[in-house]
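Notebook open, coffee poured. These are my entries on what I looked up in this structure, starting with a pair of rings.

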Amino acid sequence: ALLCGAYFGGFQALMPALGYLLGSQFESMITQIDHWIAFVLLGIIGSSMIKESREDEEEEVSASFDVKTMLALAVATSIDALAVGVTFAFLHIVWAVTFIGCTTFVLSAVGVKVGNIFGMKYKSRAELAGGVILILMGVKILLEHLGFLG
């Protein structure tokens with residue numbers, strides 16, 4: 001739970017900070033592709049989870065927390081925060097980034113604990129639901145940026 005919180009909290013804090021540092025000169029380039037990157041990464045990871053939910057073999061719990069998977073998820077769920085960071089020029093960036101990172105860390109850690117309880121009980125259904133949710137998050141991000149959702 002703490003590892004998951006560290007990845008997601010760290011990236012949710014890091015991306016706005018990077019966006020702030022990159023400045024507004026790259027804003028149009030970042031906002032033009034961030035939703036596509038998130039859509040593709042979440043779609044791939046979600047599809048993989050759905051496929052794994054259909055398999056009967058036992059899986060190690062630590063396998064889902066490998067560096068490759070955690071980095072992909074952390075980047076995919078926080079890439080749009082990079083563009084948001086550009087708007088932090090007039091705010092106190094340190095407080096905003098700290099608040100975002102700490103909030104995401106706590107909620108991610110709690111989510112892993114709750115997910116672990118339900119995952120033990122519902123196993124393949126939980127993985128299937130998680131995969132569908134990741135794909136839907138990617139679709140939502142894409143539709144919002146393409147102007148289909150308000």
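**Entry 1: the ring pair.** I began with F39, which is partly exposed at a relative accessible area of 28%. My cut-offs are under 20% relative accessible area for buried, over 50% for exposed and partly exposed in between, with a 1.4 Å probe and protein chains only. W36 counts as partly exposed too, at 41% relative accessibility. I then searched for aromatic pairs and found one in the structure. W36 and F39 form this pair, edge-to-face, with 6.3 Å centre to centre and 85° between the planes. For the record, rings of Phe, Tyr and Trp (its six-membered ring) pair if their centres lie within 6.5 Å, and planes under 30 degrees apart count as stacked, over 60 as edge-to-face and the rest as tilted. Both residues lie in helix 2 (residues 27–53), three residues apart, or about one turn of the helix.

**Entry 2: ground rules.** A note to myself: this is a predicted model, in which local features need pLDDT of at least 70 and side-chain atom pairs count only at pLDDT 80 or more, while totals for chains, interfaces and linings use all residues. Residues are numbered from 1 along each chain as its sequence is written, and side-chain values use heavy atoms, with hydrogens and water left out.

**Entry 3: the overall layout.** I counted four helices and zero strands in the chain, so the elements run α-α-α-α from the N terminus on, helices being DSSP runs (H or I, at least four residues), strands likewise (E, at least two), numbered from the N terminus. Of the 150 residues of the chain, 33% count as buried.

**Entry 4: helix 1.** I checked the length of helix 1 (residues 2–22): its 21 residues should span 30 Å at 1.5 Å a residue, and the end C-alpha atoms are 29 Å apart, which agrees. The expected span is 1.5 Å times one less than the number of residues. Which residues of helix 1 are buried? Among them are C4, Y7, F8, F11, M15 and G19. I looked at F11 more closely and found it buried, with a relative accessible area of 16%. The C-alpha atoms of F11 and I79 are separated by 8.6 Å, although the two residues are 68 apart along the chain.

**Entry 5: helix 4 and its bend.** Next I tried the length check on helix 4 (residues 93–146). A straight helix of 54 residues would span 80 Å, yet the end C-alpha atoms of helix 4 are only 28 Å apart. Where does helix 4 bend? I found a bend of about 120° at Y122; the bend is the angle between axes fitted to the seven residues ending there and the seven starting there. After helix 4 comes G147, whose phi is positive, near 90°.

**Entry 6: the nonpolar patch.** I mapped a nonpolar surface patch of about 750 Å², made by L2, F105, V106, V110, V114, I117, F118 and Y122. Patches take residues with over 30% relative accessible area and no salt bridge, joining like charges within 9 Å and nonpolar side chains (Val, Leu, Ile, Met, Phe, Trp, Tyr) within 5 Å. Areas come from the Shrake-Rupley method with a 1.4 Å probe, and for residues only the protein chains shown count as cover. Helix 4 gives the largest share of the patch, seven residues. F105 is in helix 4 and is partly exposed, with a relative accessible area of 30%.

**Entry 7: the salt bridge.** How many salt bridges does the structure hold? I found one, using a side-chain nitrogen of Lys or Arg within 4 Å of a carboxyl oxygen of Asp or Glu as the test. The partners are E144 and K140, at 2.6 Å from N to O. They are four residues apart in helix 4, so about one helical turn separates them. E144 is partly exposed at 33%, and K140 is partly exposed at 42%.

**Entry 8: one last distance.** S47 lies in helix 2 and is partly exposed, with a relative accessible area of 40%. The C-alpha atoms of S47 and L128 are separated by 9.1 Å, with their positions 81 residues apart along the chain.
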